[in-house]
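Subject: Structure handover

Hello,

Here is the structure I promised to pass on. Please open it alongside this email and follow the notes below.

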Amino acid sequence: MPIIHAIVLGIVQGFSEFLPISSSGHLLLVPWLFGWDDFSGPGGESLKKSFDVALHLGTFFAVLVYFREDVKVYVVEGTKLIFTRSKPTNTEGRLAWLFVLATVPAAAVGALFEEKIDTVLGTPFIIALSLIGFGLLLGWADRQSGSRKLEDFRTSDALKVGVAQALALNPGTSRSGITMTAARWVGFGRDAAVRISFIMSLPVIFGAVVFKMLSMVGNGGYEKLLIPMAVGIVTSFAAGLIAVWGTIKLVSTHSLMPFVIYRVTVGVLMLVILALGWRDNIAF
């Protein structure tokens, strides 16, 4: 894999993991548009999963670094809650376990259907439709007048947002986008919805990294990708940190509509490219 490809894909992963525009969709679209075939040879699928581990590791560290103080409190209070079972329940301890609960639906669906989802749904046409459809849904949800705070997060909210998060396994949906949509739908303010989405990403990304890393070690062959993987980790970390900071800053004064417009525009352009058969004329 050329280093420039690792840099570009790292940047794409870092930004699209936290901006509500779909990281899995963009990671499939960029190589498709530019005609890259880095993983087309024997064992290519295994190597692709190894590189995906590196990209997700970078974004995991990005959100962990940004929310390090919050995470420290959640871990301490969540752990303390196991042993003390204090009443009334500490808010941070309660939230910690609700964020873990919210990851269960996506984890279950991913473990059972990951291969089938990638094969059946990971096509440019489906990605384009998903970018448009779920983008419009995000726009609708963002126009709702919710004002609930992060502290108001309850078990029913965790289950609803968690079920919505499972939809993000479909490339083009966007994990951050669908969780923001669900959080806004159940009445949370824009800032709270974004924070819920980002903090929820920690157990999800961590679980995905561990699951794929076990597979990577078992399959072997990743040694030839060590340098591109290192580059991917660094670039996805840097881009992810900027994306988290920028999104939180943006929603404090603006709506999520710029992301809706972007998603719909990209989706429509993809459909045009597919309809006119322009893909074969695009080269990097």
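Which residues lie nearest the centre of the second largest pocket? They are Tyr74, Val75, Ala96, Val100 and Pro203, out of 16 residues in the lining. Keep in mind that this is a predicted model.

**Confidence**

The average pLDDT of the chain is 83. A score of at least 70 is reached by 91% of the residues. Helix H8 (residues 155-166) has the highest mean pLDDT among the elements, at 91. The lowest mean, 75, belongs to helix H6 (residues 104-121).

**The second largest pocket**

Its volume is about 400 Å³. Four helices each supply at least two lining residues: H3 (44-66), H4 (68-84), H5 (91-101) and H10 (190-219). H4 gives the most, with five residues. What is the lining made of, by class? There are 13 nonpolar residues and three polar ones. No charged residue is in the lining.

**Ser201 and Val63**

These two belong together. Ser201 sits in helix H10, and Val63 sits in helix H3. Is Ser201 buried or exposed? Ser201 counts as buried because its relative accessibility is 0%. Val63 also has a relative accessible area of 0%, so Val63 is buried.

Leaving out residues up to four places away in sequence, Ser201 touches Phe18, Val63, Arg175 and Phe206. On the same terms, Val63 touches Phe18, Phe198, Ser201 and Leu202. Phe18 therefore turns up in the contacts of Ser201 and of Val63, with the cores of both residues covered as their 0% values show. Val63 and Ser174 are 111 residues apart in sequence, and their C-alpha atoms are 16 Å apart in space.

**H9 and the loop after it**

Helix H9 (175-185) is mostly covered. Of its 11 residues, 10 are buried. Among them are Arg175, Gly177, Met180 and Arg184. Gly187 follows H9 and has a positive phi, near 105 degrees.

Phe188 lies in the loop between H9 and H10. With a relative accessible area of 0%, Phe188 is buried. What does Phe188 touch, not counting residues up to four places away in sequence? The list includes Gly146, Arg148, Lys149, Phe153 and Asp157. Ala183, Ala193 and Ile196 are on it too. Phe188 and Phe153 are 35 residues apart along the chain, with 8.6 Å between their C-alpha atoms.

**H7**

Helix H7 (residues 124-142) has 19 residues. From first C-alpha to last, H7 reaches 26 Å, close to the 27 Å expected at 1.5 Å a residue. Its buried residues include Ile127, Leu131, Leu138 and Asp142.

**Met229**

Met229 is in helix H11 (residues 226-251). Its relative accessible area is 9%, so Met229 is buried. Met200 is 29 residues away along the chain, and the two C-alpha atoms are separated by 25 Å.

Best wishes

Note on methods. Residues numbered from 1 in each chain as written. Predicted model: local features only at pLDDT ≥ 70, side-chain atom pairs only at ≥ 80, totals over all residues. Heavy atoms only, no water. 1 Å grid on protein atoms, 1.4 Å probe; cavity = no way out; pocket = protein on both sides within 12 Å on 5 of 7 lines; lining within 4 Å. Points joined across faces, edges and corners; volume = space filled by probe spheres on them. Nonpolar A, V, L, I, M, F, W, Y, C, P; charged D, E, K, R; others polar. Buried < 20%, exposed > 50% of the residue type's maximum accessible area, 1.4 Å probe, protein only. Contact = heavy atoms within 4.5 Å. Expected span 1.5 Å × (residues − 1). pLDDT = per-residue confidence, 0-100.
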